[in-house]
Amino acid sequence: ALQRPKAPSQTALEAATDPFPQQITNKRETGSYGVQYLVKFYYDQETPQWFANADCPLWAIKEYEAQVRKEAKAFWWRDFDFHPGACVEIEYDGAWFQAYVVKALLELTADQKRNVAFDIRDWRTGVGMILVHYIGGKEDEDEWVPRDSPRLREDKMAERDIMQERLRALHEQREAAKIVDKQARMEARMAMFAERVRLRDVEKAKSRTIRDEERKVQEQRKQQTKQERVKDREDQRGIKMKAREQDKESRIQQRQEEQARKKDEARLSKDLAKQKQLMFQKKASWWKEFDWVDGVMVELDWEGEWWDAIVVKCINCPKRQVVADASHAPSGLGTPNGTPAFSDASLGGLPMMSTPTKASIASLGQGDQARLTAPPPPTHAP
């Protein structure tokens with residue numbers, strides 16, 4: 001049985017007397033020498049050398065080809081054509097979904113960097129970004145991803161179609177090889193090729209129909225979304241207009257209430273001012289209603305102090321003839337006619353007395369009698 005070539009062990013390396021290959025770093029194919037590999041040797045810091053395919057160990061070729069396939073699988077996006085409509089698969093939440101490219105952005109100017117729909121930190125020069133649309137998804141689910149993202153890979157369905165096409169062509173070649181006649185073999189190959197082209201056109205038409213239906217669905221969803229947005233905008237506008245009208249009515253009502261309140265306050269203030277003016281006028285003209293007769297007691301202001309005094313003589317003073325309730329006057333006091341004293345509400349309800357009679361003077365004490373009957377002092381010194 002055949003065995004896979006293996007790299008030499010450390011013991012074999014130590015026992016080797018000639019330079020031993022370490023790894024192959026490159027490959028080329030020329031017309032004169034065929035396939036050649038660039039080989040690097042152990043313990044040799046010089047420039048690697050090119051060797052023919054037959055002179056290279058199989059294990060080194062195996063490791064190099066495996067590394068090339070691994071890198072090709074990892075850097076598949078470098079050779080892939082990300083044109084609009086190209087089918088890819090994208091991973092989301094642990095599952096792979098079919099999608100197609102909507103837009104590819106390979107270069108980005110300084111002005112475009114200010115207005116991009118993706119995070120500018122995801123942009124890398126030489127890699128670029130693509131906008132993918134999930135087949136069967138909504139437009140707002142479209143996503144920008146870098147071309148080298150591990151979430152992207154080639155569409156397995158497209159790969160299967162390519163492999164199926166290759167198998168079909170190989171089968172046609174085998175069937176045509178069974179025909180001995182050269183002319184018949186050419187005709188059979190042409191017929192098989194025409195059938196293959198027809199099937200390819202049918203598949204393309206089917207794919208185009210599916211894509212057109214998908215576009216129609218997307219357009220319908222877009223129109224529906226647009227109508228919903230317009231309706232929502234109109235509803236929001238109606239709500240704002242209604243709120244504005246309510247606010248306007250509320251302001252008008254508040255303004256009217258404020259005006260009515262100010263009118264009431266102005267009327268009350270005017271009434272209070274009138275009452276105060278009347279009160280001041282009444283207090284200022286108390287002397288007009290006072291009973292100015294000889295012997296009536298008053299108070300007199302002298303150098304900032306008020307002194308008790310008795311009216312000695314009145315010249316052209318009007319006399320007030322008022323009959324008051326006897327219960328308001330002090331006992332034993334009254335008018336010269338014997339009528340009781342009256343009370344004036346404007347003077348705080350205190351009784352205002354006229355000239356005392358002899359009987360009222362006799363009822364007082366000796367000190368009060370002397371003060372009432374004594375002549376007025378010559379001066380008002382304190």
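Which residue stands opposite threonine 30 in E2? I went to the end of E1 to find out, keeping in mind that this is a predicted model. The residue facing threonine 30 is glycine 34 in E2.

**Entry 1: the whole thing**

I started with a quick overview. The protein has eight helices and twelve strands. It runs to 382 residues, and buried ones make up 19% of them. I also looked at contacts between residues at least 6 apart in sequence: 42% of these join residues at least 24 apart.

**Entry 2: the three-stranded sheet**

Back to threonine 30 and its surroundings. E1 and E2 pair in the antiparallel sense, and I noted eight bridges for them. They belong to an open sheet of three strands, in the order E1-E2-E3, with antiparallel pairing. I wanted to know what happens at the edges. E1 and strand E3 (49-52) stand there with a single partner strand each, so one side of each has no neighbour in the sheet. Neighbouring strands here are turned by 35° against each other on average, if direction is ignored.

A reminder to myself on what holds such things together: strands of a sheet pair through backbone hydrogen bonds, either parallel or antiparallel.

**Entry 3: helix H2**

Next I checked what lies across E1 and E2. That is H2, which runs at about 70° to E1. H2 covers residues 58-74, which makes 17 residues. Does its length come out as expected, or not, at 1.5 Å a residue? The expected span is 24 Å because each step from one residue to the next counts 1.5 Å, with one step less than there are residues. The end C-alpha atoms of H2 are 24 Å apart, so the two agree.

Which residues of H2 are buried? I found Trp59, Ala60, Ile61 and Tyr64. Their cover includes strand E1 (21-30) and strand E2 (34-41).

**Entry 4: the five-stranded sheet**

I moved on to another open sheet, this one with five strands in the order E7-E6-E5-E4-E8 and antiparallel pairing. Its edge strands are strand E7 (143-146) and strand E8 (152-154), and each pairs on one side only. The twist from one strand to the next averages 45°.

Then I went through some pairs. E5 and E6 are antiparallel over six bridges. Along this pair, alanine 99 stands opposite tyrosine 134 in E6, and alanine 104 stands opposite isoleucine 130 in E6. On to E6 and E7, which pair in the antiparallel sense over four bridges. Here leucine 131 stands opposite tryptophan 144 in E7.

How many of the six residues of E6 are buried? Six of the six are, so E6 is largely enclosed by the rest of the structure. I checked both faces too. Met129, Leu131 and His133 are buried on one side, and Ile130, Val132 and Tyr134 are buried on the other.

**Entry 5: the cores**

After E6 I looked for the largest nonpolar core, which has 15 residues. Phe82, Val88, Ile90, Ile130, Val132 and Leu152 have the most contacts inside it. Strand E4 (87-92), strand E5 (95-105) and strand E6 (129-134) supply at least two residues each to this core. E6 gives the most, with three residues.

I picked leucine 152 for a closer look. Leaving out residues up to four places away in sequence, leucine 152 touches Trp76, Val88, Glu89, Ile90, Trp96, Ile130, Val145, Pro146 and Arg147. Apart from this core lies another one, of nine residues, and Tyr37, Phe41, Trp59 and Ala60 are among them. I had already met Trp59 and Ala60 as buried residues of H2.

**Entry 6: cysteines**

I looked for disulfides. A disulfide is a covalent bond between the sulfur atoms of two cysteines. With the sulfur atoms required to be within 2.5 Å, the count is zero. I noted two cysteines anyway. Cysteine 56 has a relative accessible area of 7%, so it is buried, as that is under 20%. Cysteine 314 is at 22% relative accessibility and counts as partly exposed.

**Entry 7: isoleucine 315**

Is isoleucine 315 buried or exposed? Its relative accessible area is 63%, so it is exposed, since the cut-off is over 50%. Isoleucine 315 is in the loop between strand E10 (305-310) and strand E11 (342-343). I also checked isoleucine 315 against aspartate 294: they are 21 residues apart in sequence, and 9.9 Å apart in space from C-alpha to C-alpha.

Technical notes. Residues numbered from 1 in each chain as written. Predicted model: local features only at pLDDT ≥ 70, side-chain atom pairs only at ≥ 80, totals over all residues. Heavy atoms only, no water. Buried < 20%, exposed > 50% of the residue type's maximum accessible area, 1.4 Å probe, protein only. Contact = heavy atoms within 4.5 Å. Core = buried A, V, L, I, M, F, W, Y, C linked by side-chain atoms within 4.5 Å. Pairing = 2+ DSSP bridges. Axes fitted to C-alpha atoms, helices over the stretch in contact; angles between N-to-C directions.
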